[in-house]
Amino acid sequence: MKAVFFQRKPQGGLTLIEMVVTLTLIAVGASAIASLLIGGLNINQTNQGFADDLRQAESCYETILAIQETVGWTDNGGPLSSCQSGTGDWTSISEATLQGWVDVEEARNRLTSVCAVPNRLAGNLECRGREIGGAPAAQLRIAVRGSRNIGLVLPLREPDGDD
Amino acid sequence: MTRSARSRVYGFTLIEAVITLALIGALTALIARPIADLIQARSNVGAATEQQANIDYALGRMARDIRFGVQGVEACKEGQFRIENEYRLDRSTLRVNDSVLAEGIETFKCELLAPGELRLYRLVINDSETRVFKRKD
């Protein structure tokens, strides 16, 4: 019986445990490769989303700048009326508040189509009152994504359309 | 050592080799297809990302031309935009002064948003769009 045991061992093939370990190693390797590939796809998607959000925030910024430099705000100062809370804290600007900033209807529509759009973080507006050389100004913060934002300060001025 | 004794000590039998190869083949067939699909998807996404980078660059370049251009905007319509440089859509290729900016472009549009005194332009390339205020009239 002893002789038979030693003769059979070289022909014994793989044991179940060896087979399971091998298959497990193959599965781990394959899943590692797959997760790397999927991770790459997710990064691309995230970058694309960030670029879209940045364009939205930039469009909001450019529209505010265009109104500030051309048609101007309402007689009560537009952003200044909403931002001069006196506490220096940031105030969130809603779409309804934004409607009251501009008299010219088309310009107002341009503004509300990219800034403070409901259910969209990019383009969300916050503001607070500041002073520039003793004159009142509104500091605006346009959300891009997460804690990233675009900032600008609007001094109270008459629109002249030349600069 | 006789032939039969040697075969018991060394190597696989034909049936063992065949079974092993069949198992490896089955495993490969099981794993290869999803991985090949993933690699294909990654390649597609890579190409789309490169195209999007070209679109972002094109939008940024046009925006810079509008913002700081000394001249006024000479043409702003579907498929064409001209201010110092000329951008136009030639079939599916976006060109600037005959140099290729981006390929695979379906939509290229420039529009002066009303009211015109805002000097606010809207640029659209495929699904990406941005607004630009012309600083100098």
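Which residue takes a positive phi near 60° in the hairpin of β3(A) and β4(A)? In this predicted model, the residue is G146(A), and the hairpin has two residues between its strands. The strands themselves are β3, residues 135–145 of chain A, and β4, residues 148–155 of chain A. They run antiparallel and are joined by eight bridges. One facing pair can be picked out by eye: A137(A) stands opposite P155(A) in β4(A).

From the hairpin, step back to the whole of chain A. The chain has five helices and four strands, and along the sequence they follow the pattern α-α-α-β-α-α-β-β-β. Of its 163 residues, 25% are buried. Among the contacts in chain A with a separation of 6 or more, 52% are between residues 24 or more positions apart.

Next comes the helix α5(A), which spans residues 105–114. Its buried residues are A107(A), R110(A), L111(A) and V114(A). Viewed down the axis of α5(A), these buried residues fall within an arc of 95°, so they line one face of the helix. The spacing of such residues follows a general rule: an α-helix has 3.6 residues a turn, so residues three or four places apart point the same way. The cover over the buried residues of α5(A) comes from both chains: it includes α2 and α4 (95–99) of chain A, together with β7 (120–125) and β8 (128–133) of chain B. Just after α5(A), A116(A) takes a positive phi of about 50°.

The cover from chain B leads to the interface. Here 31 residues of chain A are in contact with 28 residues of chain B. On the side of chain A that touches chain B, the elements that give two or more residues are α2 (16–69) and α5 (105–114) of chain A. The largest share, 18 residues, comes from α2(A). Sorted by class, this side of chain A has 15 nonpolar, 10 polar and six charged residues.

Chain B has a helix α2 as well, made of residues 14–68, and T49(B) is found in it. Is T49(B) buried or partly exposed? With 15 other C-beta atoms within 10 Å, T49(B) is partly exposed, because a residue counts as buried at 20 or more such atoms and as exposed at 12 or fewer. A last distance can be traced within chain B: T49(B) and V132(B) are 83 residues apart along the chain, and their C-alpha atoms are separated by 24 Å.

Terms used
Residues numbered from 1 in each chain as written. Chains lettered and ligands numbered in written order. Predicted model: local features only at pLDDT ≥ 70, side-chain atom pairs only at ≥ 80, totals over all residues. Pairing = 2+ DSSP bridges. Contact = placed C-beta atoms within 7 Å. Nonpolar A, V, L, I, M, F, W, Y, C, P; charged D, E, K, R; others polar. Arc of directions from axis to C-beta.
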